[in-house]
Amino acid sequence: MDKSLILNNIKKHLNIRFDKDFANFLEIKPTALAMWHKRNTYDIELIFTKCDFLNPVWLITGQGQMLQKEVDTFQEPSSEYQNFISKTDRVESNQMIPLYDLDAVAGVIPVILDMNNQKPIDHIYIPNAPKCDGAMYATGDSMYPLLKSGDILAFKTITDFTNDVFFGEMYILFIEVAGDLFRTVKFVHKGEEKNHFKLVSQNKHHQDKDIHISKIRAMAQVKASIRIH
(Lines give C-alpha, C1' and ligand atoms only; values in the text may rest on other atoms or scores of the structure.)
Protein backbone atom coordinates (compact mmCIF):
# COMPACT_ATOMS: atom_id res chain seq x y z
CA MET A 1 0.00 0.00 0.00
CA ASP A 2 1.36 3.40 -1.03
CA LYS A 3 0.89 5.43 2.15
CA SER A 4 2.55 8.48 0.61
CA LEU A 5 -0.25 8.53 -1.95
CA ILE A 6 -2.82 8.34 0.86
CA LEU A 7 -1.16 11.26 2.64
CA ASN A 8 -1.15 13.29 -0.56
CA ASN A 9 -4.83 12.52 -1.18
CA ILE A 10 -5.70 13.73 2.33
CA LYS A 11 -3.67 16.89 1.80
CA LYS A 12 -5.40 17.51 -1.53
CA HIS A 13 -8.85 16.98 0.03
CA LEU A 14 -8.00 19.56 2.71
CA ASN A 15 -6.91 21.98 -0.04
CA ILE A 16 -3.43 22.24 1.49
CA ARG A 17 -0.63 22.86 -1.02
CA PHE A 18 2.56 22.47 0.98
CA ASP A 19 3.85 19.70 3.23
CA LYS A 20 4.86 22.18 5.93
CA ASP A 21 1.24 23.41 6.15
CA PHE A 22 -0.01 19.83 6.20
CA ALA A 23 2.40 19.08 9.05
CA ASN A 24 1.10 22.12 10.95
CA PHE A 25 -2.46 20.89 10.46
CA LEU A 26 -1.49 17.49 11.89
CA GLU A 27 0.49 19.26 14.65
CA ILE A 28 3.70 17.38 13.86
CA LYS A 29 7.10 18.56 12.70
CA PRO A 30 7.73 18.76 8.93
CA THR A 31 10.66 16.40 9.43
CA ALA A 32 8.29 13.81 10.90
CA LEU A 33 6.02 14.09 7.86
CA ALA A 34 9.03 13.75 5.56
CA MET A 35 10.06 10.61 7.43
CA TRP A 36 6.56 9.16 6.97
CA HIS A 37 6.91 9.60 3.22
CA LYS A 38 10.41 8.15 3.21
CA ARG A 39 9.44 5.06 5.22
CA ASN A 40 5.99 4.67 3.62
CA THR A 41 4.22 4.87 6.98
CA TYR A 42 2.14 7.17 9.16
CA ASP A 43 0.39 7.40 12.52
CA ILE A 44 -3.11 6.10 11.77
CA GLU A 45 -4.58 7.13 15.13
CA LEU A 46 -3.18 10.67 14.87
CA ILE A 47 -4.47 11.20 11.32
CA PHE A 48 -7.93 9.85 12.12
CA THR A 49 -8.10 12.12 15.19
CA LYS A 50 -7.34 15.15 13.01
CA CYS A 51 -9.37 13.93 10.02
CA ASP A 52 -12.39 12.15 11.45
CA PHE A 53 -14.20 12.53 8.13
CA LEU A 54 -12.00 9.76 6.66
CA ASN A 55 -13.17 6.21 6.14
CA PRO A 56 -11.02 4.23 8.64
CA VAL A 57 -10.95 1.18 6.34
CA TRP A 58 -9.49 3.33 3.54
CA LEU A 59 -6.98 4.86 5.94
CA ILE A 60 -5.79 1.45 7.13
CA THR A 61 -5.90 -0.54 3.88
CA GLY A 62 -6.09 2.00 1.08
CA GLN A 63 -9.20 0.20 -0.19
CA GLY A 64 -12.73 1.55 -0.63
CA GLN A 65 -13.93 5.12 -0.36
CA MET A 66 -11.86 7.89 1.14
CA LEU A 67 -14.68 9.69 2.96
CA GLN A 68 -17.03 8.14 5.47
CA LYS A 69 -20.15 9.52 3.77
CA GLU A 70 -18.97 9.27 0.20
CA VAL A 71 -21.23 7.19 -2.07
CA ASP A 72 -20.67 5.62 -5.51
CA THR A 73 -24.16 6.25 -6.88
CA PHE A 74 -26.19 9.43 -7.12
CA GLN A 75 -28.58 10.18 -4.29
CA GLU A 76 -31.01 13.01 -3.73
CA PRO A 77 -29.48 15.68 -1.48
CA SER A 78 -30.00 15.03 2.20
CA SER A 79 -29.54 17.33 5.15
CA GLU A 80 -27.57 16.92 8.35
CA TYR A 81 -28.84 18.86 11.33
CA GLN A 82 -26.86 19.62 14.46
CA ASN A 83 -28.09 21.64 17.40
CA PHE A 84 -26.12 23.41 20.09
CA ILE A 85 -28.52 23.28 23.03
CA SER A 86 -27.35 24.76 26.31
CA LYS A 87 -28.89 24.25 29.73
CA THR A 88 -30.70 27.59 29.50
CA ASP A 89 -32.27 26.98 26.09
CA ARG A 90 -36.01 26.62 25.60
CA VAL A 91 -36.65 24.01 22.94
CA GLU A 92 -39.38 24.73 20.38
CA SER A 93 -41.27 21.69 19.06
CA ASN A 94 -42.40 23.56 15.96
CA GLN A 95 -40.91 26.78 14.58
CA MET A 96 -40.34 28.39 11.22
CA ILE A 97 -37.04 30.26 11.10
CA PRO A 98 -36.52 33.08 8.56
CA LEU A 99 -33.46 32.59 6.36
CA TYR A 100 -31.53 35.71 5.34
CA ASP A 101 -28.94 36.14 2.60
CA LEU A 102 -26.53 38.61 4.12
CA ASP A 103 -24.41 38.81 0.97
CA ALA A 104 -27.43 40.24 -0.85
CA VAL A 105 -28.21 42.81 1.83
CA ALA A 106 -26.48 46.19 1.76
CA GLY A 107 -26.82 46.86 5.49
CA VAL A 108 -26.02 43.61 7.27
CA ILE A 109 -26.31 44.94 10.80
CA PRO A 110 -30.09 45.55 10.67
CA VAL A 111 -30.56 41.88 9.77
CA ILE A 112 -29.31 41.02 13.24
CA LEU A 113 -30.63 43.99 15.20
CA ASP A 114 -33.97 44.64 13.49
CA MET A 115 -35.07 41.55 11.59
CA ASN A 116 -38.72 42.63 11.62
CA ASN A 117 -37.87 45.16 8.92
CA GLN A 118 -35.83 42.72 6.80
CA LYS A 119 -37.29 40.43 4.17
CA PRO A 120 -36.06 36.82 4.40
CA ILE A 121 -35.32 34.86 1.24
CA ASP A 122 -37.06 31.80 2.68
CA HIS A 123 -38.07 30.02 5.88
CA ILE A 124 -36.74 26.76 7.28
CA TYR A 125 -38.50 24.35 9.60
CA ILE A 126 -36.45 22.76 12.41
CA PRO A 127 -38.36 20.64 14.92
CA ASN A 128 -37.23 20.41 18.55
CA ALA A 129 -34.58 23.10 18.18
CA PRO A 130 -33.72 25.98 20.50
CA LYS A 131 -35.66 29.18 19.97
CA CYS A 132 -34.01 31.05 17.07
CA ASP A 133 -34.41 34.56 15.67
CA GLY A 134 -33.16 33.80 12.18
CA ALA A 135 -30.70 31.90 10.01
CA MET A 136 -27.94 32.76 7.58
CA TYR A 137 -25.33 31.03 5.43
CA ALA A 138 -21.86 30.32 6.80
CA THR A 139 -18.85 31.54 4.84
CA GLY A 140 -15.14 30.87 5.11
CA ASP A 141 -13.30 27.95 6.71
CA SER A 142 -12.44 29.19 10.21
CA MET A 143 -14.77 26.62 11.83
CA TYR A 144 -13.90 23.71 9.53
CA PRO A 145 -14.59 20.80 9.86
CA LEU A 146 -17.36 21.56 12.38
CA LEU A 147 -18.84 24.03 9.88
CA LYS A 148 -18.35 24.38 6.15
CA SER A 149 -19.00 27.31 3.85
CA GLY A 150 -22.61 27.09 2.73
CA ASP A 151 -23.93 25.55 5.93
CA ILE A 152 -27.04 27.21 7.34
CA LEU A 153 -26.62 28.68 10.83
CA ALA A 154 -29.68 29.30 12.99
CA PHE A 155 -29.01 31.98 15.59
CA LYS A 156 -30.34 33.84 18.62
CA THR A 157 -29.35 37.50 18.86
CA ILE A 158 -27.92 39.06 22.00
CA THR A 159 -27.59 42.74 22.84
CA ASP A 160 -25.81 42.72 26.20
CA PHE A 161 -22.26 41.69 25.31
CA THR A 162 -21.17 41.97 28.95
CA ASN A 163 -23.72 39.76 30.70
CA ASP A 164 -25.38 37.54 28.08
CA VAL A 165 -22.35 35.81 26.58
CA PHE A 166 -21.74 32.16 27.52
CA PHE A 167 -18.01 31.60 27.19
CA GLY A 168 -17.06 28.59 25.15
CA GLU A 169 -20.16 28.78 22.92
CA MET A 170 -20.19 29.58 19.18
CA TYR A 171 -21.21 33.06 18.03
CA ILE A 172 -21.69 35.06 14.85
CA LEU A 173 -19.97 38.41 15.30
CA PHE A 174 -19.94 41.62 13.30
CA ILE A 175 -16.71 43.44 14.14
CA GLU A 176 -15.60 46.91 13.09
CA VAL A 177 -11.93 47.23 12.22
CA ALA A 178 -10.50 50.48 10.82
CA GLY A 179 -13.94 51.56 9.65
CA ASP A 180 -14.71 48.28 7.87
CA LEU A 181 -17.23 45.70 9.06
CA PHE A 182 -16.30 42.03 9.19
CA ARG A 183 -18.54 39.03 9.80
CA THR A 184 -17.05 35.97 11.47
CA VAL A 185 -18.09 32.82 13.34
CA LYS A 186 -15.98 31.87 16.35
CA PHE A 187 -15.99 30.25 19.74
CA VAL A 188 -15.99 33.09 22.27
CA HIS A 189 -13.87 32.84 25.42
CA LYS A 190 -12.97 35.33 28.10
CA GLY A 191 -10.08 37.50 27.01
CA GLU A 192 -6.88 37.99 28.95
CA GLU A 193 -7.60 41.70 29.43
CA LYS A 194 -10.69 43.34 30.89
CA ASN A 195 -13.62 43.77 28.47
CA HIS A 196 -11.91 41.61 25.88
CA PHE A 197 -13.12 38.44 24.16
CA LYS A 198 -10.85 35.75 22.81
CA LEU A 199 -12.11 34.52 19.44
CA VAL A 200 -11.15 30.90 18.82
CA SER A 201 -11.45 29.00 15.53
CA GLN A 202 -12.05 25.29 15.04
CA ASN A 203 -9.61 25.36 12.13
CA LYS A 204 -6.13 25.32 13.64
CA HIS A 205 -4.77 27.30 10.69
CA HIS A 206 -6.55 30.37 12.11
CA GLN A 207 -4.94 32.05 15.09
CA ASP A 208 -6.86 33.04 18.20
CA LYS A 209 -7.53 36.77 18.51
CA ASP A 210 -8.45 39.04 21.42
CA ILE A 211 -10.80 41.94 20.68
CA HIS A 212 -12.32 44.67 22.84
CA ILE A 213 -16.10 44.41 23.11
CA SER A 214 -16.39 48.01 21.87
CA LYS A 215 -15.42 46.70 18.40
CA ILE A 216 -18.48 44.43 18.25
CA ARG A 217 -21.42 45.94 16.39
CA ALA A 218 -23.74 42.90 16.52
CA MET A 219 -23.60 39.40 17.94
CA ALA A 220 -25.70 36.23 17.85
CA GLN A 221 -25.28 32.80 19.40
CA VAL A 222 -25.32 29.87 16.98
CA LYS A 223 -28.09 27.48 18.06
CA ALA A 224 -28.17 25.00 15.17
CA SER A 225 -26.51 24.22 11.85
CA ILE A 226 -27.79 22.49 8.73
CA ARG A 227 -25.57 20.94 6.05
CA ILE A 228 -26.86 19.85 2.66
CA HIS A 229 -25.18 16.78 1.14
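User: What makes up the area that the chain exposes, and how much of it comes from carbon and sulfur atoms?

Analyst: In this predicted model, the chain exposes about 13500 Å², and carbon and sulfur atoms supply 49% of that area. Buried residues, those under 20% relative accessible area, make up 41% of the 229 residues in the chain.

User: Why are helix 1 and helix 3 called oblique to each other?

Analyst: The axes of helix 1 (residues 3–13) and helix 3 (residues 30–39) cross at roughly 135 degrees and come within 7 Å. An angle counts as roughly perpendicular from 65 to 115 degrees and as roughly antiparallel over 145; the crossing at roughly 135 degrees belongs to neither class, and the two helices are therefore oblique to each other.

User: Which residues of helix 1 and helix 3 meet, and how do they divide by character?

Analyst: Ser-4, Leu-7 and Asn-8 of helix 1 meet Leu-33, Trp-36 and His-37 of helix 3. The residues of this contact divide into three nonpolar, three polar and no charged.

User: What makes the pair of helix 2 and helix 3 roughly perpendicular?

Analyst: Here the axes of helix 2 (residues 19–26) and helix 3 come within 8 Å and cross at roughly 105 degrees. Since the range for roughly perpendicular runs from 65 to 115 degrees, helix 2 and helix 3 are therefore described in that way. On the side of helix 2 the contact is made by Asp-19, Lys-20, Phe-22, Ala-23 and Leu-26, and on the side of helix 3 by Pro-30, Leu-33, Trp-36 and His-37. These residues divide into six nonpolar, one polar and two charged.

User: How do you know which residues of the largest nonpolar core touch the most other members?

Analyst: Membership requires buried nonpolar residues joined through side-chain atoms within 4.5 Å, and of the 22 residues in the largest such core, Ile-10, Leu-14, Phe-22, Ile-47 and Leu-54 touch the most other members. Helix 1, helix 2, helix 3 and helix 5 (56–61) each supply at least two residues of this core, and the largest share, four residues, comes from helix 2.

User: What does Leu-14 touch, leaving aside residues up to four places away in sequence?

Analyst: With that exclusion, Leu-14 touches Phe-22, Phe-25, Cys-51, Phe-53 and Tyr-144. A second, separate core of 16 residues includes Ala-138, Leu-153, Met-170 and Ala-218.

User: How many helices and strands does the chain have?

Analyst: The secondary structure comes to six helices and 12 strands. Among contacts with a separation of 6 or more, residues 24 or more positions apart account for 58%.

Technical notes
Residues numbered from 1 in each chain as written. Predicted model: local features only at pLDDT ≥ 70, side-chain atom pairs only at ≥ 80, totals over all residues. Heavy atoms only, no water. Axes fitted to C-alpha atoms, helices over the stretch in contact; angles between N-to-C directions. Parallel < 35°, antiparallel > 145°, perpendicular 65-115°, else oblique. Contact = heavy atoms within 4.5 Å. Nonpolar A, V, L, I, M, F, W, Y, C, P; charged D, E, K, R; others polar. Buried < 20%, exposed > 50% of the residue type's maximum accessible area, 1.4 Å probe, protein only. Areas by Shrake-Rupley, 256 points an atom, 1.4 Å probe, with all protein chains shown as cover.
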